[in-house]
Amino acid sequence: SPGRGVWQRARARLRGFPALLAGCGEQAAAYGRCVAAAAAAGGPGELRRDRCLEEFRALRECFARAVGAGTR
């Protein structure tokens, strides 16, 4: 059936994501450190939305580059 082919292609792409995103470890670690430091500094109240925005943006941009490179 046509739907089955779409599902198989989607699964194949998803299987490749870990390899594509492996290059974002540095950005993921920086974001994790920021969130952990904010939580340790003042508990959940310190985890404001913009607290780790710079680190989050770097991680998001890395993900976007990795996914974009994998779809070409």
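**Close-up views of a three-helix chain**

Among contacts in the chain between residues at least 6 apart in sequence, 67% join residues at least 24 apart. Please keep in mind, as you look through the views, that this is a predicted model.

**View 1. The chain and its helices.** Welcome to the overall layout: the chain holds 3 helices and 0 strands. Reading from the N terminus, you will meet the elements in the order α-α-α. Of the 72 residues in the chain, 12% are buried. The accessible surface amounts to about 5500 Å², and carbon and sulfur atoms account for 57% of that surface.

**View 2. The largest pocket.** Here we turn to the largest pocket, whose volume is about 150 Å³. Its lining is made of 10 residues, and those nearest the centre of the pocket are Y31, R48, R49, D50 and C52. Two elements, α2 (25-42) and α3 (53-70), each give two or more residues to this lining. Sorted by class, the lining has 6 nonpolar and 4 charged residues, with no polar ones.

**View 3. A29 and L59.** This last view visits A29, a residue of helix α2. Is A29 buried or exposed, or somewhere in between? A29 counts as partly exposed because its relative accessible area is 34%, while buried means under 20% and exposed means over 50%. Look for L59 as well: the two residues are separated by 30 residues in sequence, and their C-alpha atoms are 9.2 Å apart in space.

Technical notes:
Residues are numbered from 1 along each chain as its sequence is written. This is a predicted model: local features need pLDDT of at least 70, side-chain atom pairs count only at pLDDT 80 or more; totals for chains, interfaces and linings use all residues. Side-chain values use heavy atoms; hydrogens and water are left out. Helices (H or I, at least four residues) and strands (E, at least two) are DSSP runs, numbered from the N terminus. Buried means under 20% relative accessible area, exposed over 50%, partly exposed in between (1.4 Å probe, protein chains only). Contact means heavy atoms within 4.5 Å. Accessible areas come from the Shrake-Rupley method with a 1.4 Å probe; for residues, only the protein chains shown count as cover. On a 1 Å grid over the protein atoms alone, a cavity is a set of points where a 1.4 Å probe fits but cannot get out, and a pocket is an open set with protein on both sides within 12 Å along at least five of seven lines; lining residues have an atom within 4 Å of a point. Grid points are joined across faces, edges and corners, and a volume is the space filled by probe spheres set on the points. Ala, Val, Leu, Ile, Met, Phe, Trp, Tyr, Cys and Pro count as nonpolar, Asp, Glu, Lys and Arg as charged, and the others, Gly among them, as polar.
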